[in-house]
Amino acid sequence: MHLFDEFPFSSIDGFQCNLWRLKTDKATPKGPVLLIHGAGVKSNVFNAPNEKNLLDSLSEAGYDVWLENWRGSMLCKPNEWNLDIVAENDHPAAVQEICRRTGYAKIKAVIHCQGSTSFMISALKGLVPQVTTIVTNAVSLHPVVSGASRFKINFLLPVVKPITSYLNPHWGDVAPDFKSKAFRALVNLTHWENDTNVGKFVSFTYGVGHPALWELDNLTDTTKDWIRGEFGYVPMSFFDHIKKCIAAGVLVSADGKVNYAASKPQTSARFAFFAGKLNKCFSYDSQVNSYNYFNSYHPGYHKLYVYDTYSHLDVFMGKNAYTDIFPAMVKELND
């Protein structure tokens with residue numbers, strides 16, 4: 001496990017977020033790389049307690065590793081965010097702050113899940129021109145889910161919204177009131193996999209699977225237990241937005257009026273799309289479709305990697321990801 005220096009920053013609209021910078025005694029000749037987590041977690045999601053994790057790989061490769069806790073982080077003040085708000089305010093400010101603090105005019109990024117979708121909007125709108133190479137995992141421009149997931153978000157979301165304005169997988173361990181206890185009981189009735197109570201609640205919240213975000217065989221028992229402290233608050237406002245995107249098969253604005261793939265991307269960044277074929281949150285077709293979209297504008301420039309035995313977050317947390325996946329990510333950042 002690694003330690004970090006923390007740097008608070010203000011988003012463009014004034015919301016308070018923070019950056020973590022990996023503490024290291026290694027040289028960083030390749031400059032800054034920014035890691036961006038998904039919804040309802042925090043930057044520590046990249047710091048899995050394996051023998052070696054992504055932070056080790058990036059540091060060993062000579063990168064100055066920065067991690068962004070945007071407003072979807074469980075470390076930030078609870079708020080009603082959507083992808084547009086994050087794309088327009090948090091990511092551009094984070095990139096600018098890293099450039100200011102390091103003196104670098106160009107940086108690279110590794111983005112995951114809703115950190116990836118929101119950052120994709122930033123890139124498509126030309127809001128992060130400093131970022132030259134982007135490694136994206138699980139989903140980016142084209143959210144594709146299973147029929148069961150479509151049913152869940154279309155028909156269960158309207159039932160849940162009047163009850164609560166947010167879900168919190170940590171309720172699997174600590175349910176402080178009747179509402180949270182009721183959700184925990186529902187999770188326990190529908191999830192029997194050999195996972196922790198928080199892990200089961202994660203699957204209930206983010207997909208349709210047992211589990212939805214990882215293959216249990218890819219995780220050590222230590223990592224499964226560590227995950228219990230890595231998930232928190234996620235607002236219904238996010239689910240309202242992603243529901244529209246799923247219906248469209250592509251990222252659209254929160255009001256549904258703008259299709260972000262309808263015009264040429266306002267970015268010259270090179271993308272490397274990563275996906276686990278067993279992902280039960282977003283189908284690997286999500287990344288295939290996004291790769292094909294970018295490849296149509298600049299053939300041969302971008303890359304696609306699909307891993308047969310991986311899912312969603314085990315791409316980063318898997319016990320063998322250090323040898324199976326991270327070398328390809330580092331290679332794409334280096335190229």
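Visitor: What makes S9 and S10 a parallel pair of strands?

Guide: Strand S9 (residues 270-276) and S10 run parallel, joined by five bridges. Two strands pair if DSSP finds at least two bridges between them. Five bridges join these two, so they count as paired. One bridge links Gly276 to Tyr307 in S10. The model is a predicted one.

Visitor: Why are S1 and S10 called edge strands?

Guide: The eight strands form an open sheet, ordered S1-S2-S4-S3-S5-S6-S9-S10, with mixed pairing. Strand S1 (4-10) and strand S10 (303-307) each pair on one side only. From one strand to the next, the twist averages 20°.

Visitor: How do you know that H2 packs on the sheet, and what is its direction relative to S4?

Guide: H2 touches S1, strand S2 (16-22), strand S3 (32-36), strand S4 (64-69), strand S5 (107-112) and strand S6 (131-137). Its direction makes about 150° with that of S4. Angles over 145 degrees count as roughly antiparallel, so H2 is roughly antiparallel to S4.

Visitor: And what makes H3 oblique to S5?

Guide: Helix H3 (residues 113-124) also packs on the sheet, touching S3, S5, S6 and S9. The direction of H3 makes about 135° with that of S5. Roughly perpendicular ends at 115 degrees and roughly antiparallel needs over 145, so H3 is oblique to S5.

Visitor: Why is H5 called roughly perpendicular to H6?

Guide: Helix H5 (residues 178-190) and helix H6 (residues 197-206) pack at about 90°, with axes 9 Å apart. The range for roughly perpendicular is 65 to 115 degrees, so H5 is roughly perpendicular to H6. By class, this contact has five nonpolar, two polar and two charged residues.

Visitor: Which residues meet there?

Guide: From H5 come Phe183, Arg184, Leu186, Val187 and Asn188. From H6 come Asn197, Lys200, Phe201 and Phe204.

Visitor: How do you know that H6 is mostly covered?

Guide: Nine of its ten residues are buried. Buried means under 20% relative accessible area. Among the buried residues are Lys200, Phe201 and Tyr206. Their cover includes helix H4 (147-160), strand S7 (166-167), H5, strand S8 (234-235) and helix H8 (236-248).

Visitor: What makes Leu35 stand out in the largest nonpolar core?

Guide: The core has 109 residues, and Leu35 and Leu141 touch the most other members. Helix H2 (residues 83-102) gives the most to this core, with eight residues. Leaving out residues up to four places away in sequence, Leu35 touches Phe46, Leu54, Leu55, Leu58, Val65, Trp66, Leu67, Glu68 and Val110.

How values were computed: Residues numbered from 1 in each chain as written. Predicted model: local features only at pLDDT ≥ 70, side-chain atom pairs only at ≥ 80, totals over all residues. Heavy atoms only, no water. Core = buried A, V, L, I, M, F, W, Y, C linked by side-chain atoms within 4.5 Å. Buried < 20%, exposed > 50% of the residue type's maximum accessible area, 1.4 Å probe, protein only. Helix = DSSP H or I, 4+ residues; strand = E, 2+ residues; numbered from the N terminus. Contact = heavy atoms within 4.5 Å. Axes fitted to C-alpha atoms, helices over the stretch in contact; angles between N-to-C directions. Parallel < 35°, antiparallel > 145°, perpendicular 65-115°, else oblique. Nonpolar A, V, L, I, M, F, W, Y, C, P; charged D, E, K, R; others polar.
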